[in-house]
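Please look through the structure below with its secondary structure elements in view. The paragraphs after it take up how some of these elements are arranged against one another.

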Amino acid sequence: MALVTAARRLAQVSLREYSRRSPAVSRGAWQPADRSFTTGTQPLWSDSKVTVHFINRDGEKITVKASPGDSLLDVVINEDLDFDGFGACEGTLACSTCHLIFDEEAYKKLGPVTDEEMDMLDLAYGLTETSRLGCQICLTKSLEGLVARVPESVADIRQSKDGSA
Amino acid sequence: MRNCRRLLSELKLWTSGRSKWTRGLNEGLGGSGKAFLSTSSCPKVCIVGSGPAGFYTAQHLIKARQDVEVDIYERLPVPFGLVRFGVAPDHPEVKNVINTFTQTAKHSRCSFYGNVNVGKDVTVGELQGAYHAIVLSYGAEGNRTMGVPGEDLPGVYSAKDFVGWYNGLPSCRELKPDLSCETAVILGQGNVALDVARILLSPLDILKKTDITQPALEALAESRVRKVLIVGRRGPMQVACTIKELREMVNLPGTRPEMVTADFDGVSEALKGVPRPRKRLTELLLKTALDAPGDKELERRRNAAKVWGFRFYRSPTEILADPGRSRTAGIRLAVNRLEGSGDAARAVLTGEVEDVSCGLVISSIGYKSLPIDPSVPFDSRRAVVPNSVGRVHQAAGLYCSGWLKTGPTGVIATTMNNSFDTARSLLEDMDSGALDVSAAKPGSQAVSSLLEERGVKPVTFSDWEKIDSLETRRGEACGKPREKLLSVEEMLKVARS
């Protein structure tokens, strides 16, 4: 279950990881400009990137470029997108904090949802018919221009009262 | 897979503004990392309790204002509360939040002080003298009792204590539950009840690779428990557990489900128009209880030596003892019927009773918060600190988050949102002036002096890291993620080494 997810992420993430870890060691002298030099294994040509738009909780649209194979959670982390509490369980299908909402057309393109994802999605605040967990959606070129809305994560009054989450 | 998680945790810095974090880390690095003298104008907040509520409140505060300093006090030498002591050993992914909490703890504007008992070593009043605001996030360490005769017989335990026992909570070390009987009855049908059932029936092969404590593993290896009944007052549509945990029981190797068909009368008809989460959960329950299994599943069930099942419409009225009154021999259950439907349905006694033979009774009917300081308002009926959006009633400068605020239900994400809400209230009050942060406060320096006078030596976060490192190394030696230290004495010894 989580093993499959983790194995898939390991395959995607491992090479990039090693290059990204080196800046952490030299963080004392870290300058923003260095970043482009140290994340060396990212493709250098731009047409292999996928453009993704996030609508944050303030309604602002944030546009980023991501690599095919990245999950939407990877994108949020890699791009330092400022969504409070997003991705608490680090993509292991043990929470619902990477909940994202799509329009109907986009939702259809995202493919089938596993029972395991659905089980965790069922716990998400503001669940809709077109909700998905960002850690389970891997980008492909066909998802170019995808728009994902980050829903409010604040519990509605009913839930904070009886806490039946 | 563990390597993958390590990679992931190193990759994942806070999603909420990583660049701000690295600046923060740069600020704090050098020497002890915390060796700043705070400027007199910075707001100082004290958080009591280092579980998810405490850490998420701290995280939100530190991120929102560049001048807030947060000190987290914890009674035990080790942090993380129920993430360490409540989350089941076979749910390690849920514990990934510890990585985020660790980052918070290591932020230059956050300090952790373990081994400090607020209410005993230092009062809330004294903390209020030292800090601009106090956030109480110490959770729910008590439990609701069944209130039935025989509840104190050997063989009856609260789920809180049973879970604390297999998770290494120092105060539950001596529980030594008797697992020599064939049948165990669990009262309550929430996720904690299912965790207990699952740990009682899981194959040893699975458990021995988790961070379950060694004594618990040994006891479970000798366990003769073969049948677990999970009993609830109401019906299938009122179970409080969630579908992931139910699915784990259904798929638990070496076990088969066995339920009472009549308990499910009328349930599938009642599913129309029910929200998706409840619908899917009930459908899985119906399928498990009623559907004829396919060949493969039939074969699996035939080979299963262990049995589990929900029993509905039953409330405990008495724990029955053996003739010598020395141990549990059974439980008397009152039969209920339901009035109303959905969440609001009520269990009403019919007058009938039913006796079930069993040697182990675990009541999983809810945790309960306790008052720790007489100066803090406490609602004893609901067992929470009375508050509005985290602002404690009639107590300026006092806030609460987590289970102490809303009652003991919800998963970590629930607590996260709850804590962010409290932090927002606190920040609003700072901005509006409702909370006066203009006068300087001494913060931890004042508290440290008091503690020193009283012979209390706090455990710092780097002291915890020595414990963490030892537990991890000991775990590696036996194929587990960690081998927990089981007593406060051992923890302090390692912390001071």
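What follows describes a strand arrangement and then a helix contact in this model, which is predicted.

In chain B, three strands make up an open sheet in the order β11-β12-β13, and the pairing within this sheet is antiparallel. Because β11 and β13 of chain B each have a single partner strand, they stand at the edges of the sheet, and one side of each is left without a neighbour there. From one strand to the next, the twist averages 20°. In general, the strands of a sheet pair through backbone hydrogen bonds, in either a parallel or an antiparallel manner.

The pairing can be followed strand by strand, beginning with β11(B), which covers residues 314–321, and β12(B), which covers residues 328–339; these two strands pair in the antiparallel sense over seven bridges. Within this pairing, B:Arg314 of β11(B) stands opposite B:Val335 in β12(B), while B:Ile319 has B:Ile331 in β12(B) as its bridge partner. The two strands form a hairpin with six residues between them, and in the turn B:Arg325 has a positive phi of about 55°.

On the other side of the sheet order, β12(B) is joined by nine bridges to β13(B), a strand of residues 346–357, and the two run antiparallel. Here the bridge partner of B:Arg337 is B:Val348 in β13(B). A hairpin is again what β12(B) and β13(B) form, with six residues between them, and B:Gly340 in its turn has a positive phi of about 85°.

The helix contact, also in chain B, involves α7(B), residues 159–166, and α8(B), residues 191–201, whose axes come within 10 Å and cross at roughly 50°. How are these two helices oriented to each other, given that angles from 65 to 115 degrees would count as roughly perpendicular and those under 35 degrees as roughly parallel? The angle falls in neither range, and α7(B) and α8(B) are therefore oblique to each other. Their crossing is left-handed. On the side of α7(B), the residues that meet the partner helix are B:Ala159, B:Phe162, B:Val163 and B:Tyr166, and on the side of α8(B) they are B:Val192, B:Asp195, B:Val196, B:Ile199 and B:Leu200. Sorted by character, the residues of this contact comprise eight nonpolar, no polar and one charged.

Terms used
Residues are numbered from 1 along each chain as its sequence is written. Chains are lettered from A and ligands numbered from 1 in the order in which they are written. This is a predicted model: local features need pLDDT of at least 70, side-chain atom pairs count only at pLDDT 80 or more; totals for chains, interfaces and linings use all residues. Side-chain values use heavy atoms; hydrogens and water are left out. Two strands pair if DSSP finds at least two bridges between them. Helices (H or I, at least four residues) and strands (E, at least two) are DSSP runs, numbered from the N terminus. Axes are lines fitted to C-alpha atoms, for helices over the stretch in contact, and angles run from 0 to 180 degrees between N-to-C directions. Angles under 35 degrees count as roughly parallel, over 145 as roughly antiparallel, 65 to 115 as roughly perpendicular and the rest as oblique. A crossing is left-handed if the near helix is turned anticlockwise from the far one by less than a right angle, and right-handed if clockwise. Contact means heavy atoms within 4.5 Å. Ala, Val, Leu, Ile, Met, Phe, Trp, Tyr, Cys and Pro count as nonpolar, Asp, Glu, Lys and Arg as charged, and the others, Gly among them, as polar.
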